[in-house]
Amino acid sequence: MGPPASPAPAAAADRAGVPPRPASVGPEAGGGAAAGAGRGGPVGRAPAPGPAEAWGGRAPAPGPAALRGPHASPARRLAAPLGVIAGVAAAFAYVGTVDPNEPGHYPVCPLLRITGIYCPGCGGLRSAHAFIHGDLATAFGANAAATVGYAVFGVVWVVWLIRALRNRPLRIGLSTGWWWVTGGALMIFSVVRNLPFGSALAP
């Protein structure tokens, strides 16, 4: 008989107090590396984060197009403009029914009561009452600015309605200069209607 075989490396390492190192030889080594990568081990790359993880744990917020929806129903698109015109029509119907020319139905303007000065809105209710009844001359005489405002509102509302039918948002992009012009025009209107030569603009 030949000499006895030398002990295996694993047995020698065990006697020396060192834990045995598992061998990874053959096709099983590749499987172990893949398994380690799947478990988040040091071998291989970690899986790519999903959409929610990439946004800090939340899914990305939908954009304006997603909120509108390409196939939104006509009733949903027309809800806002029709709701606004319904509220305005109800207010005009009330003013047209309850005559503001008769005292006791509406409160008096505080500025007019205290100082006797007409503000830009003085005569607005009488203007709306005349406008509802088709008397445009009286409406303009009671408050010219309010009468122009009715026309502007009508144009904007029609544009809003058309864009809602086409599933497009309404954007009114007025620069700062236009707002200054509008405010200046209202101020001039207020001053002129309180002067003797501007009595035609007084309510």
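Guide: First, some vocabulary: helices are DSSP runs of H or I with at least four residues, strands are runs of E with at least two, and both are numbered from the N terminus. What you see is a predicted model, where local features need pLDDT of at least 70, side-chain atom pairs count only at pLDDT 80 or more, and totals for chains, interfaces and linings use all residues. Residues are numbered from 1 along each chain as its sequence is written, and side-chain values use heavy atoms, with hydrogens and water left out.

Visitor: With that in hand, how many helices and strands does the protein chain have?

Guide: The protein chain has 10 helices and zero strands, and along the sequence the pattern reads α-α-α-α-α-α-α-α-α-α.

Visitor: Val156 next. Why is Val156 called partly exposed?

Guide: Val156 sits in helix α9. Buried means under 20% relative accessible area, exposed means over 50%, and partly exposed is what lies in between (1.4 Å probe, protein chains only). Val156 comes out at 31%, so partly exposed is the label.

Visitor: And what makes Val156 part of a nonpolar patch?

Guide: Patch residues have over 30% relative accessible area and no salt bridge; nonpolar side chains (Val, Leu, Ile, Met, Phe, Trp, Tyr) are joined within 5 Å, like charges within 9 Å. A salt bridge, by the way, is a side-chain nitrogen of Lys or Arg within 4 Å of a carboxyl oxygen of Asp or Glu. The surface patch includes Phe140, Val156 and Trp178, and its residues together have about 920 Å² of accessible area (Shrake-Rupley method, 1.4 Å probe, only the protein chains shown counting as cover for residues). Helices α9 (144-165) and α10 (176-193) each supply at least two of its residues.

Visitor: On to aromatics. Why is the Phe131 and Tyr150 pair called tilted?

Guide: Rings of Phe, Tyr and Trp (its six-membered ring) pair if their centres lie within 6.5 Å; planes under 30 degrees apart are stacked, over 60 edge-to-face, and the rest tilted. The whole structure has four such pairs. For Phe131 and Tyr150 the centres are 5.0 Å apart and the planes are at 50 degrees, so tilted is the verdict. Phe131 is in helix α7 (residues 124-132) and Tyr150 in helix α9, so the pair ties together parts 19 residues apart in sequence. Phe92, Phe131 and Tyr150 make up one aromatic cluster.

Visitor: Of those two, what makes Tyr150 count as buried?

Guide: Tyr150 has 17% relative accessibility, so it passes the buried test; Phe131, at 33%, counts as partly exposed.

Visitor: How do you know that the span of α10 agrees with expectation?

Guide: The expected span is 1.5 Å times one less than the number of residues. For the 18 residues of α10 that gives 26 Å, and the end C-alpha atoms are 26 Å apart, so the two agree.

Visitor: And which residues of α10 are buried?

Guide: Phe189, Ser190 and Arg193. They cover an arc of only 100 degrees around the axis, so they lie on the same side of α10; the arc is taken from the directions from the helix axis to the C-beta atoms. Turned away from that side is a face with exposed residues, among them Trp180 and Met187.

Visitor: One more: why does Gly96 count as buried?

Guide: Gly96, in helix α5 (residues 74-97), has 13% relative accessibility, so buried applies. Gly96 and Ile132 are 36 residues apart in sequence, with their C-alpha atoms 5.9 Å apart in space.
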